[in-house]
Amino acid sequence: LGLIAPRRSELHRRSVLVSLTPRGSDLIAERKARYQAHWEEALSRFTADELNIAAAVCDSMCALFGELALEAERVES
């Protein structure tokens, strides 16, 4: 779709790095502008402390699922 530009890593040749193309950047900016007001309205009923706690919970769950995925890979190999 022309939204990202892949390129090989200089350090790790098997790794592929991706970046947004100008078209991809434009799409992200358009979507952000479209949904920003909805996002702000949805979160406006929470305090900054509540949002920080929610973010910490999400970070913790992300780390947990990452650890579980690594564990599953070790068991399968």
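**Close-up views of the predicted model**

**View 1. Confidence across the protein chain.** In this predicted model, the mean pLDDT of the protein is 94, and 100% of its residues reach 70 or more. Broken down by element, confidence is lowest in strand E1, which covers residues 4–8 and has a mean of 93, whereas it is highest in helix H1, which covers residues 22–43 and stands at 96.

**View 2. The surroundings of Thr21, in the loop between strand E2 and helix H1.** The loop that holds Thr21 lies between strand E2 (16–20) and H1. Thr21 has a relative accessibility of 15% and therefore counts as buried, the cut-off being under 20%. When residues up to four places away in sequence are not counted, the residues that Thr21 touches are Gly2, Leu3, Ile4 and Ala5. Of these contacts, Ile4 belongs to the residue range 4–8 of strand E1.

**View 3. Cys58 and Cys62, with no disulfide between them.** The structure holds 0 disulfides. Cys58 is accordingly in no disulfide, and the nearest cysteine sulfur to it, that of Cys62, is 8.9 Å away. Seen from the other residue, the closest cysteine sulfur to that of Cys62 is the one in Cys58, and because the 8.9 Å between them is too far for a bond, the pair does not meet the criterion of sulfur atoms within 2.5 Å.

**View 4. Solvent accessibility of Cys58 and Cys62.** Are these two cysteines buried or exposed? Cys58 counts as exposed because its relative accessibility is 52%, the cut-off being over 50%. Cys62, with a relative accessible area of 55%, is exposed as well.

Note on methods:
Residues numbered from 1 in each chain as written. Predicted model: local features only at pLDDT ≥ 70, side-chain atom pairs only at ≥ 80, totals over all residues. Heavy atoms only, no water. pLDDT = per-residue confidence, 0-100. Helix = DSSP H or I, 4+ residues; strand = E, 2+ residues; numbered from the N terminus. Buried < 20%, exposed > 50% of the residue type's maximum accessible area, 1.4 Å probe, protein only. Contact = heavy atoms within 4.5 Å.
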